[in-house]
Amino acid sequence: MLQTVDIGQLSIASYRTAVPEQIMDPLLDTAKRLRGARVLHLSATPYGGGVAELLRSAVPLYRDLGIHATWKIISGPEPFFAVTKKMHNALQGAPAVLTDTDRTLFERTAERNAAALCSDPEFRDVDFVFVHDPQPTALRSYVDDGKGSWIWRCHIDTSEPDPATWHYLRGFLDGYAATVFTMAQFVPPDLPLDLIDVIPPAIDPLSPKNMSLDDRTAHAVLNWIGIEPGHPLITQVSRFDKWKDPLGVIEAYRIARETVPDLQLALVGSMALDDPEGWDVYRTISDATDGDPLVHLFTNLTGVGNIEVNAFQQLSQVIVQKSIREGFGLVVSEALWKQTPVVAGRAGGIPLQIADECGGVLVDSVEACAKALIDLLTDPGHAATLAAAGRERVRKHFLLPRLLLNELTLLAGLAA
Ligand code: UDP
């Protein structure tokens, strides 16, 4: 019922070269206070999307810091994930109606997962449970008090949620000790908890996706999948999701191509276990781009993994992230870390990462996106200056040890 995710081994010491001391030293001190604590992370998918990306690196680093961390995935029938995707959309502001059948499925699935969790010997002595996003939220209601302090970690933009959906979900937050949001603006109305923390996500600078690739290797990787890195290239890397506005990207690309005729566009998208809408969005994009030899559509199911994403983010002249709603958008920091400028929608957590003259250009429309693309493609000097400033911003604020410091500080506070 619950799947434990196998994770690798990482050493926090190897992050010293990338991360400022002001983060590393307090992180090690705080970890000492939590040595031996048992932390469980619960989420809905082991791959595809930012939460999986984060946990894959964070969990081994917790362990290296002396904390017994595990990561488990809840399970449910396909219609459960259709319901939770509906909730996800509604919490980001789309109108939606959860039917009685939807609610029953949401609650029964939580109850079954909670029963599996309670019979798991590893769960017996748990100290802290991080529940990521709406999908596993209701498990808490089916677990007795005394099984650790529960923290609801919301990664999505819940600043203007559909009121009925939010009202329903908040009913399951009663037994939680704390909630964590990416930005203060995301805290929805009437949160039934006193302890609210604001912690933006972060990227792992040493993961295969973000480690430094030499240019020859990056070229070879892109050549191998059919991209010609000699011609200008712009790329959007994201789940196939309407909030990421892939059709807007295609429109902006077509306008930019009038000025830069050999411009290539790559849309690189992953399918996630908990996102049943991915294939519909994929087909819509495929119809919109069909037959254009300069537009390339890739998925994780056709061989595009971490190294390929790394090569795209490194060798594209510009990375696009034209989101309309965005919890954070790890892909923005991933690109900036590789010193690639980003044109991105002014949405959710993206403006935390890009500011005036730092990282790239924030846009509010297809036309503005096209103009920013043309400006950066035709002025590589300015693009490079923006990107270099962006990398420094990521180094200071958006590398994983900073996130770990924030999370462990929260846990130490709860333990006190
Ligand atoms: N990603 C990937 N392959 C893809 C598309 C996305 O590995 O084809 C990764 C991307 O590099 C990033 C994560 O999935 O690490 C997406 O996180 P983000 O916060 O940008 O968006 P989310 O999917 O969580 O909304």
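These notebook entries record what I looked up in a predicted model.

**Entry 1. The seven-stranded sheet**

I began with the strand order. Seven strands form an open sheet, and the order I noted is β1-β3-β2-β4-β5-β6-β7, with mixed pairing. At its edges are β1 (3–4) and β7 (196–198), each of which pairs on one side only.

I then took individual strand pairs. Strand β2 (residues 38–43) and strand β4 (residues 128–132) run parallel and are joined by four bridges. Within this pair, Leu 42 stands opposite Val 131 in β4. Strand β5 (residues 149–153) pairs with β6 in the parallel sense over three bridges. I looked up the partner of Trp 152 in β6 and found Thr 179.

Which way do the side chains of strand β6 (residues 178–181) point? Ala 178 and Val 180 point one way, and Thr 179 and Phe 181 the other way. I noted that all of them are buried.

**Entry 2. Helix α2 and its neighbours**

I next examined what lies against this sheet. Helix α2 lies across β2, β3 (68–73) and β4, and runs at about 170° to β2.

Helix α2 (residues 50–64) also packs with helix α14 (residues 400–415), at an angle of about 60° and with the axes 11 Å apart. The crossing of α2 past α14 is right-handed. For the contact itself I listed Ser 57, Ala 58 and Leu 61 in α2, which meet Leu 400, Leu 403 and Leu 404 in α14. By class, the contact has five nonpolar residues, one polar and no charged residues. The spacing within a helix bears on such lists: an α-helix has 3.6 residues a turn, so residues three or four places apart point the same way.

**Entry 3. The six-stranded sheet**

I recorded a further open sheet, of six strands with parallel pairing, in the order β10-β9-β8-β11-β12-β13. Its edge strands are β10 (295–299) and β13 (360–363), each pairing on one side only. On average, neighbouring strands of this sheet are turned by 20° against each other, direction ignored.

Strand β12 (residues 342–345) pairs with β13 in the parallel sense, over four bridges. I checked Val 343 and found that its bridge partner in β13 is Val 361. Helix α8 (residues 278–289) lies across β9 and β10, running at about 160° to β10.

**Entry 4. The shell around the ligand**

How many residues surround the ligand? I found 19, the closest being Gly 49, Gly 50, Glu 53, Ser 270 and Leu 330. The elements that give two or more residues to this shell are α2, β9 (264–269) and α10 (330–337). Of the elements, α10 gives the most, with three residues. By class, I recorded seven nonpolar, eight polar and four charged residues in the shell.

**Entry 5. Helix α10**

Having met α10 at the ligand, I checked its burial. Eight of the eight residues of α10 are buried, so the helix is largely enclosed by the rest of the structure. Among the buried residues of α10 are Ser 333, Glu 334 and Trp 337. After α10 comes Gln 339, for which I noted a positive phi, near 60°.

I followed one residue of this helix in detail, Leu 336. Why is Leu 336 classed as buried? It has 30 other C-beta atoms within 10 Å, and the class requires 20 or more. Leaving out residues up to four places away in sequence, Leu 336 touches Val 342, Gln 353, Gly 359, Ala 387, Gly 390, Arg 391, Arg 393 and Val 394. I also looked up a pair distant along the chain: Leu 336 and Ala 388 are 52 residues apart, and their C-alpha atoms are separated by 7.8 Å.

**Entry 6. Ser 238**

My last query concerned a loop residue. Ser 238 is found in the loop between β8 (233–237) and α7 (246–259). Is this residue buried or exposed? Ser 238 is buried, with 24 other C-beta atoms within 10 Å.

Not counting residues up to four places away in sequence, Ser 238 touches Lys 244, Gly 269, Gln 321 and Val 331. Of these contacts, Val 331 is listed among the buried residues of α10. I also noted Ser 238 and Val 268, which are 30 residues apart in sequence and 6.3 Å apart in space, C-alpha to C-alpha.

Conventions. Residues are numbered from 1 along each chain as its sequence is written. This is a predicted model: local features need pLDDT of at least 70, side-chain atom pairs count only at pLDDT 80 or more; totals for chains, interfaces and linings use all residues. Axes are lines fitted to C-alpha atoms, for helices over the stretch in contact, and angles run from 0 to 180 degrees between N-to-C directions. A crossing is left-handed if the near helix is turned anticlockwise from the far one by less than a right angle, and right-handed if clockwise. Two residues are in contact if their C-beta atoms, placed from the backbone, lie within 7 Å. Ala, Val, Leu, Ile, Met, Phe, Trp, Tyr, Cys and Pro count as nonpolar, Asp, Glu, Lys and Arg as charged, and the others, Gly among them, as polar. A residue is near a molecule or strand if its C-beta atom, placed from the backbone, lies within 6 Å of it. Two strands pair if DSSP finds at least two bridges between them. A residue is buried if 20 or more other C-beta atoms lie within 10 Å of its own, exposed if 12 or fewer, and partly exposed in between; C-beta atoms are placed from the backbone.
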